[in-house]
Amino acid sequence: DALIEYNSPAAEYIQESANKVVTSYIENSSVIQNFANPLNVPAIVVDPNETVKFSNALHEGYSDLNSLEKEFAIALDKSNKVWFRNSTRGLFEIPLLSKGGSKNFNPDFVVWVNKAIIVIDTKGDHLIVEDAGRKLFHISKIGKGPDIIIKLVTKGKWDDKIQKLEPEGFTIWNLKNGKPFPTHVKNVTEAVEICLRP
C-alpha cells in the first residue's frame, strides 16, 4: 500500500519480481486443446473485385490474401484437402506462452488431414526470426479428437539458425527436438505437400 517512486530501488525490485513470476509461469505452463466446444466457421465478407475463388475451401473465395498467402492458398486448394483461410482476428486462436506483444496466434490456414488439424502460417522474412521461436510448439490434448500441428512457411532457403541463405524456393518450419527445424523445397507445391504431412 505504500507509494514508491518510479525509478526507485523498490520499483526496480517489484519489476524484477514480476518478471520472475511471468518467466516461471511461462516455463511451467503448456497449451492444451479441448474439443468440448467445436469450432463453427462463420460466413465471411469478401471484396468481390479482389476475390480469389477456390474449390476445396470452406468458403467460395477470399479477398484478404497478400501475395505469399495467395500463392500458397492456390497450391493448397489443389491438394483436395478441406481448408479455410483463418481470420486475422479471433476465429481460430492459439494462446501464446511467451513474452511479446500478442497473446494469441491466428494462423493463416487451417487444414483437415486424416486425424489431424494442421495450422499453417506464412511468414515474411521480417517476422520469421521472432515467430519461429514463439509460434512453433507442441499442443497437448485432453480426450479424443484430432491433433493440432503447427507449421510455418517462408520464401527462400533458411538454416536452423533462422538465417536466410538464398531467395529461391520455400522453407517449411516444424518443431523438432523442441527447436524450429527448416525443410527447404523448390516450389510452393512441394511446400504444401510437406506442410500436409502430420
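**Exercise 1. Take the predicted model and work out whether Tyr-62 and Trp-83 are buried or exposed.**

Solution. Both Tyr-62 and Trp-83 are buried. For Trp-83 the reasoning is short: its relative accessibility is 0%, and buried means under 20%, so Trp-83 counts as buried.

**Exercise 2. Classify the ring pair that Trp-83 makes with Phe-109, and place both residues along the chain.**

Solution. Let's start with the general idea: a pair of aromatic rings is described by the distance of the centres and the angle of the planes.

- Step 1: the ring centres of Trp-83 and Phe-109 are 5.8 Å apart, and rings pair if their centres lie within 6.5 Å.
- Step 2: the planes stand at 65°, and angles over 60 degrees count as edge-to-face. The pair of Trp-83 and Phe-109 is therefore edge-to-face.
- Step 3: Trp-83 lies in strand β4 and Phe-109 in strand β7 (residues 109-113). With these positions 26 residues apart, the pair links distant parts of the chain.
- Step 4: Phe-109 has a relative accessible area of 0%, so Phe-109 is buried.

**Exercise 3. How many aromatic pairs does the structure hold, and how are the rings of Tyr-62 and Trp-83 arranged?**

Solution. You should find 7 aromatic pairs in the structure. In the pair of Tyr-62 and Trp-83, the centres are 5.6 Å apart and the planes meet at 40°, so this pair is tilted. Here too, distant parts of the chain are linked: Tyr-62 belongs to strand β3 (residues 61-62) and Trp-83 to strand β4 (residues 83-85), 21 residues apart.

Now step back to the wider grouping. Tyr-62, Trp-83 and Phe-109 belong to one aromatic cluster, together with Phe-54 and Phe-72.

**Exercise 4. Which residues make the nonpolar surface patch of about 330 Å²?**

Solution. Look for Ile-4, Tyr-13 and Ile-14, which make this patch. Next, follow Ile-14: this residue sits in helix α1 (residues 9-27). Its relative accessible area is 48%; since exposed means over 50% and buried under 20%, Ile-14 is partly exposed.

**Exercise 5. Find the ring over which the charged end of Lys-176 sits.**

Solution. The ring is that of Phe-181, and the charged end of Lys-176 lies 4.3 Å from its centre.

**Exercise 6. Put these details into the frame of the whole protein.**

Solution. Begin with the secondary structure, which has 4 helices and 12 strands. Then turn to burial: of the 198 residues, 38% are buried. Finish with the accessible surface, about 12,300 Å², with 51% of it belonging to carbon and sulfur atoms.

Terms used:
Residues are numbered from 1 along each chain as its sequence is written. This is a predicted model: local features need pLDDT of at least 70, side-chain atom pairs count only at pLDDT 80 or more; totals for chains, interfaces and linings use all residues. Side-chain values use heavy atoms; hydrogens and water are left out. Helices (H or I, at least four residues) and strands (E, at least two) are DSSP runs, numbered from the N terminus. Buried means under 20% relative accessible area, exposed over 50%, partly exposed in between (1.4 Å probe, protein chains only). Accessible areas come from the Shrake-Rupley method with a 1.4 Å probe; for residues, only the protein chains shown count as cover. Patches are made of residues with over 30% relative accessible area and no salt bridge: like charges are joined within 9 Å, nonpolar side chains (Val, Leu, Ile, Met, Phe, Trp, Tyr) within 5 Å. A salt bridge is a side-chain nitrogen of Lys or Arg within 4 Å of a carboxyl oxygen of Asp or Glu. Rings of Phe, Tyr and Trp (its six-membered ring) pair if their centres lie within 6.5 Å; planes under 30 degrees apart count as stacked, over 60 as edge-to-face and the rest as tilted. A charge sits over a ring if NZ of Lys or CZ of Arg is within 6 Å of the ring centre and within 35 degrees of the ring normal.
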